[in-house]
Amino acid sequence: MKMSDGMFLEQCRLVSEKYPDIKFRDMYLDSACMKIVKDPGQFDVMVMPNLYGDIFSDLTAGLIGGLGLAPSGNMGRDGLALYEAVHGTADDLVEKNKGNPTALLMSGLMMLRHLDLKAEADKIERPYST
């Protein structure tokens, strides 16, 4: 992990030099977890490898009520993006009347906004956000 983490961090630093107006900070995962719990407003965007992102998304989902409330978006090159509920569809809850579609709905709203369909997303979001 030291080699792959080092390469990831090195590339982040190189890219950050191209965007001097964007503040870049690196930190260990345990420190980032403590800081997001104590003061989430200090972060705008976080970039990390998949394993750390998985750990971090579990932590932050717990802060808002669980994974069932956490939307997810993965952005790629050329405008490509994938939106899904964090950690899948909870198939174990099917036909038990326990599933919560909030994360999937919110992921869909993120996708609509990515596709420049803001009015449509706002219309869908309005009933549950009031």
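Helices here are DSSP runs of H or I at least four residues long, numbered from the N terminus. Keep that in mind as you click around.

What you have open is a predicted model, where local features need pLDDT of at least 70, side-chain atom pairs count only at pLDDT 80 or more, and totals for chains, interfaces and linings use all residues. Residues are numbered from 1 along each chain as its sequence is written, and side-chain values use heavy atoms, with hydrogens and water left out.

**Stop one: helix H3**

Select residues 50-64. This is H3, with 15 residues and a reach of 21 Å from first C-alpha to last, close to the 21 Å expected (1.5 Å times one less than the number of residues). Now show the side chains of Tyr52, Phe56 and Ala61, which are buried (under 20% relative accessible area, with exposed meaning over 50% and partly exposed in between, using a 1.4 Å probe and protein chains only). They sit on the same side of H3, because they cover an arc of only 160° around the axis (taken from the directions from the helix axis to the C-beta atoms).

Add H1 (2-17) and H2 (29-38): both are among what covers the buried residues of H3. Then spin to the face turned away from that buried side, where you'll find the exposed residues Asn50 and Gly62. Just after H3, pick glycine 65, whose phi is positive, near 120°.

**Stop two: serine 107**

Jump to helix H4 (residues 102-114) and select serine 107. With a relative accessible area of 1%, serine 107 is buried. A polar atom of its side chain lies 2.9 Å from the backbone oxygen of alanine 103. Beyond neighbours within four places in sequence, serine 107 is in contact (heavy atoms within 4.5 Å) with Pro71, Ser72, Tyr83, Glu84 and Ala85.

**Stop three: the salt bridges**

The structure holds four salt bridges, each a side-chain nitrogen of Lys or Arg within 4 Å of a carboxyl oxygen of Asp or Glu. Select arginine 113, which is partly exposed at 31%. Its closest N and O atoms with aspartate 122 are 2.7 Å apart, and its salt bridge with glutamate 125 comes in at 2.6 Å. Glutamate 125 is in helix H5 (residues 118-129) and arginine 113 in H4, so this pair ties together parts 12 residues apart in sequence.

Finally, select lysine 118, exposed at 51%. Lysine 118 meets aspartate 122 in a salt bridge at 2.7 Å; being four residues apart in H5, the two are separated by about one helical turn. Show Arg113, Lys118, Asp122 and Glu125 together: salt bridges with shared partners join them into one network.

Definitions and conventions
Polar contact = N/O pair within 3.5 Å; in protein donor to acceptor, adjacent residues only side chain to side chain.
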